[in-house]
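Colleague: Could you take me closely through the nonpolar core of this model and the aromatic and polar contacts that go with it? I would like one connected account.

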Amino acid sequence: MEIQNLETTKKPVVLPGNSAENQSFNTAKIEEWLVSYLADLLEMDKDEVDVTVPFERYGLDSASALGLIGDLEEWLGYNLDPTLLYNYPTIERLGKYLSTTLNT
């Protein structure tokens with residue numbers, strides 16, 4: 001059995017209107033989703049979410065971080081490593097990483 005050392009792997013999920021393979025996720029689109037998600041979760045305005053502030057400063061505990069990753073997986077159509085928020089601790093860094101990784 002081969003062990004993959006990837007933080008993201010494709011999973012067979014079809015997003016509404018597009019297959020995951022045909023979906024393009026740029027940094028701005030991913031950041032926008034993350035900002036909206038955090039704003040909704042924390043009941044604040046989107047303007048108050050700073051993409052350069054670490055997730056932990058928004059008070060995300062491990063359970064809410066896993067929830068975010070799970071919802072992000074569903075939106076993107078990819079399996080994601082549950083530790084992504086620790087490896088890429090801001091919206092800006094996570095968005096750049098995911099757009100680069102998912103569009104290669």
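Modeller: In this predicted model, the largest nonpolar core has 28 residues, and those with the most contacts inside it are Leu68, Leu72, Leu76, Leu94 and Leu98. Two or more residues each are given to this core by α1 (27-42), α2 (62-76), β4 (78-80), α3 (84-87) and α4 (91-102), and the largest share, 7 residues, comes from α1. As general background, nonpolar side chains in soluble globular proteins tend to be buried together.

Leucine 72 gives a useful view of how these parts meet: once its neighbours within four places in sequence are left aside, leucine 72 is in contact with Trp33, Leu34, Leu80, Leu94 and Leu98. Two of these partners, Leu94 and Leu98, also appear among the residues with the most contacts inside the core.

Trp33, one of the contacts of leucine 72, leads on to the aromatic residues. The structure holds 4 aromatic pairs. In one that involves tryptophan 33 and tryptophan 75, the ring centres are 5.4 Å apart and the planes lie at 15 degrees, which is under the 30 degrees required, so the pair is stacked. This pair links distant parts of the chain, with tryptophan 33 in helix α1 and tryptophan 75 in helix α2, 42 residues apart. The two partners fall on either side of the 20% limit for burial: tryptophan 33 has a relative accessible area of 18% and is therefore buried, whereas tryptophan 75, with a relative accessible area of 24%, is partly exposed. Both tryptophans belong to one aromatic cluster, which is formed by Phe25, Trp33, Tyr37 and Trp75.

Phe25 in turn brings us to helix α4, since it is among the residues touched by serine 99, which lies in that helix. Helix α4 has 12 residues and reaches 16 Å from its first C-alpha to its last, close to the 16 Å expected at 1.5 Å a residue. Its buried residues are Ile91, Leu94, Gly95, Tyr97, Leu98, Ser99 and Leu102, a list that includes Leu94 and Leu98, already met as contacts of leucine 72.

Serine 99 adds a polar side chain to that list: with a relative accessible area of 10%, serine 99 is buried. Not counting residues up to four places away in sequence, serine 99 touches Phe25, Asn26, Thr27 and Ile30, and with one of them, threonine 27, the side chain of serine 99 makes a polar contact of 2.6 Å.

Definitions and conventions
Residues numbered from 1 in each chain as written. Predicted model: local features only at pLDDT ≥ 70, side-chain atom pairs only at ≥ 80, totals over all residues. Heavy atoms only, no water. Core = buried A, V, L, I, M, F, W, Y, C linked by side-chain atoms within 4.5 Å. Buried < 20%, exposed > 50% of the residue type's maximum accessible area, 1.4 Å probe, protein only. Helix = DSSP H or I, 4+ residues; strand = E, 2+ residues; numbered from the N terminus. Contact = heavy atoms within 4.5 Å. Phe/Tyr/Trp six-rings, centres within 6.5 Å; stacked < 30°, edge-to-face > 60°. Expected span 1.5 Å × (residues − 1). Polar contact = N/O pair within 3.5 Å; in protein donor to acceptor, adjacent residues only side chain to side chain.
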